[in-house]
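Trainee: I'd like to learn how the labels people put on a structure are earned. Can we go through one together?

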Amino acid sequence: MMAIDQPISAEPSGFWKLILLVAIPAITAMALTVAGAERLLPPSSWWSALVDTDNAKSQELLFRHAFMPRVAVSILAGLGLGLSGILIQHLLRNPLAEPTTIGTNAGAGLALTIATLYAPVALENGRGVIALLGGALTTFLVFLLAQRRQFSPVAVIVSGLVVSLTCGSASALLMAINREYTEELFIWQSGSLIQNGDAVIRALLPQITVCSVLTFMFLRPLRLLEAGDESAGSLGMRPAAIRLIGLSIAVAMSAFVVAAAGVISFIALAAPAFARIAGARTLLQRMVWSPLIAASQLWLVDQLIQFHFREVAFPAGAATALLGAPLLFFFLLRLKTVSLDSRDGTFAAVTPHGMPALLLLAVALVVATGLAFFFGKGANGWGSIAAAEIGQLAELRLPRIGVALAAGAMFGVCGTLLQRMTTNSMAAPEVIGVSGGASLGVLALFVVTSSIDGLSLATAASVGALATLALVMFVAGRQRLSPEKLLLAGTSVTTLASALAALALASGDPRTDFLLAWLSGSTYRATPTQATAAAAVAILLLSVAPLTIRWLAVLPLGETVSRSLGLGVVAVRAILLCLIAIPTAVATLLIGPLSFVGLMAPHFARMTGFRRPAGEIFASAFYGALILIAADWTGRTILFPWQIPAGLLTALAGGPFFLIAMSRSR
């Protein structure tokens, strides 16, 4: 796990960098705010419009109940997101952590999706309550699962990610089935600061104020966690209690913001990173500067939206990602390398499972493959295919099965390689940005042409993936391919792609049905050629990956230990990155970007005893293939003759199974 509380800058100019990082966006936002207010009313009428609004004048009503409340909410939401982001990252010791990590945003989104479809009357006056309840329930589930492991960072992160993926898949599935009723939800899930009165401000101001005061009152225990759980315990503190209280405060802040403005998650990830990069070296400094950076940037982004998109409901969360991701790239070029904390036991070597366990997994995969081919649901109900139908159905089913098996195995192996290389249990193949780059290439293709075929789609996705890989390696290569820089740069690309995809899906373009299917991960259009190519790449990956076993065993010990053992860290990271990126790009081209498989297959392997690199590699391949073949078969049969994308079902069905297994494991 990354020790994000290491000093990352010793430059005396750090303070002025922080000042400029806040002042430039704030001054620009102020100028745009003044210009926007002048479009509505002359400056001489501003005060009277605020304190004594003339309801007969539409401009004064807009100024008092729409324009100014929106300014206030953007600042308050930024403050809450910035503080909750740094709090979550500090408590979980992970620079990729933010409110989405612990399930809050996904729970709120699922609750609102269900209410929109099945209880729309409840939304009239209870949208905020519904979002808060949904976020609170999912976060409570995460805490319940992590409680058995004393709220360790890994337990909270993994539980939160699985809950988030499961709720997100459920929301996406409901919206895909009821597309005509959920256009507003696409906007809300991308963040919206549009206001109608000051009720939200009157609720959000005391909420953020109380949470902020509690956070700073809790500063001393938070500082003690910087030395590690053992040191904090030796001083009479209870790390589990500190982590639970701190996360509860952060969850409350993020839930209040979600209820007020929708999902604006990137700013909670980026603001703490900006603060660290600019020179905020202590926890107190980051707790002060992160909220200020987030508030000034969100305020600026919202004013730019109003200036350029006056007649369009442009999502604030998507705009924040569109503008913030390139800026984060720029700042990452100046990020100093931080050391890695090797105290995380996730990658520790324990008594390994051997060949019999791997053979059992192989048998399970063969059985699942046989069932996927021979058994299913047809026009006459459930049953196995007749001998006369094998030849005909083989042309339809075998390519899908082959692509699912190969892509699942590739995602699983790549997830293991990346998590061990970065020593980060949150790392998944798409986090390095390759899947996001492929998505950007596909989105660009949608913009430049109306004619889309398989060749153009593959070309666009390949160009996007390769360009992104080159960019991420360039950014991280300036500091010896630092894992933190790799993950932050890749996450920026993925967030940018997600923001653009959300805008495309909310645009109403009829072609977005195809885009939604690809982004959801599906094998609908698999061909024999694709299946053969995928199998070849998967076999090659499984042949080469065992050669990296020594590297994967040494890298989690930290850079200093790795160098002392004769490991060329930079060269090893470059080789592993290419070994991860190429199969990820191939799998993404064939089946679309999938989050669950590459993230969770390594965790399934470790939970079932495969902790040594060799066993974990092959077990992750088997688990990845099992997950995807089961999801593809379920999506093909459960709502026959309609089909559900496998990517949605991997998290929707695999998430609860993983949580049950986690709750029962040691």
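Mentor: Sure, and let's begin with a definition: a residue is called buried when its relative accessible area is under 20%. Keep in mind that this is a predicted model. By that cut-off, buried residues make up 57% of the 666 residues in the chain.

Trainee: What is the chain built from, in terms of helices and strands?

Mentor: The chain has 27 helices and two strands. Its accessible surface comes to about 26,500 Å², and 68% of that belongs to carbon and sulfur atoms.

Trainee: Let's try the label on a residue, then. Why is T416 called buried?

Mentor: T416 has a relative accessible area of 0%, and the cut-off is under 20%, so T416 counts as buried. You'll find T416 in helix α16, residues 390-422.

Trainee: Which residues does T416 touch, leaving out those up to four places away in sequence?

Mentor: Those are P602, E616, I617 and S620.

Trainee: And what makes the pair T416 and S620 a polar contact?

Mentor: Their side chains are joined at 2.6 Å, and the limit for such a pair of N or O atoms is 3.5 Å, so the distance fits the label.

Trainee: E616 was in that list of neighbours. How do you know that E616 and R606 form a salt bridge?

Mentor: The closest N and O atoms of E616 and R606 are 2.6 Å apart. A salt bridge needs a side-chain nitrogen of Lys or Arg within 4 Å of a carboxyl oxygen of Asp or Glu, so this pair qualifies. E616 sits in helix α26 (residues 613-637) and R606 in helix α25 (residues 596-607), 10 residues apart.

Trainee: Are E616 and R606 buried or exposed?

Mentor: E616 is at 0% relative accessible area and R606 is at 4%. Both values are under 20%, so both residues are buried.

Trainee: How many salt bridges turn up in the whole structure?

Mentor: Six. One of them joins D198 and R64, whose closest N and O atoms are 2.9 Å apart. D198 is in the loop between α7 (183-189) and α8 (199-217), while R64 is in helix α3 (residues 58-92), so to speak a link between distant parts of the chain, 134 residues apart. R64, D198 and R202 are also linked in a network of salt bridges.

Trainee: Why does D198 still count as buried?

Mentor: D198 has 18% relative accessibility, and 18% is under 20%, so the label holds. R64 is also at 18%, so R64 counts as buried too.

Trainee: What about D302 and R70: what makes them a salt bridge?

Mentor: Their closest N and O atoms are 2.8 Å apart, and that is within 4 Å, so the label fits. D302 lies in helix α13 (residues 283-308) and R70 in helix α3, with their positions 232 residues apart in sequence. Both D302 and R70 are buried.

Trainee: Now the outside. Which residues form the nonpolar patch on the surface?

Mentor: V363, V367, L371, F375 and W382, with about 470 Å² of accessible area together. Helix α15 (residues 355-374) gives the largest share, three residues, and V363 lies in that helix.

Trainee: One last residue: why is A108 called buried?

Mentor: A108 is at 1% relative accessibility, which is under 20%, so A108 is buried. A108 is found in helix α4, residues 104-118. A108 and V258 are 150 residues apart in sequence, yet 7.4 Å apart in space, C-alpha to C-alpha.

Methods: Residues are numbered from 1 along each chain as its sequence is written. This is a predicted model: local features need pLDDT of at least 70, side-chain atom pairs count only at pLDDT 80 or more; totals for chains, interfaces and linings use all residues. Side-chain values use heavy atoms; hydrogens and water are left out. Patches are made of residues with over 30% relative accessible area and no salt bridge: like charges are joined within 9 Å, nonpolar side chains (Val, Leu, Ile, Met, Phe, Trp, Tyr) within 5 Å. Accessible areas come from the Shrake-Rupley method with a 1.4 Å probe; for residues, only the protein chains shown count as cover. Helices (H or I, at least four residues) and strands (E, at least two) are DSSP runs, numbered from the N terminus. Buried means under 20% relative accessible area, exposed over 50%, partly exposed in between (1.4 Å probe, protein chains only). A polar contact is a pair of N or O atoms within 3.5 Å; within protein, one must be able to donate a hydrogen and the other to accept it, and residues adjacent in sequence count only if both atoms are side-chain atoms. Contact means heavy atoms within 4.5 Å.
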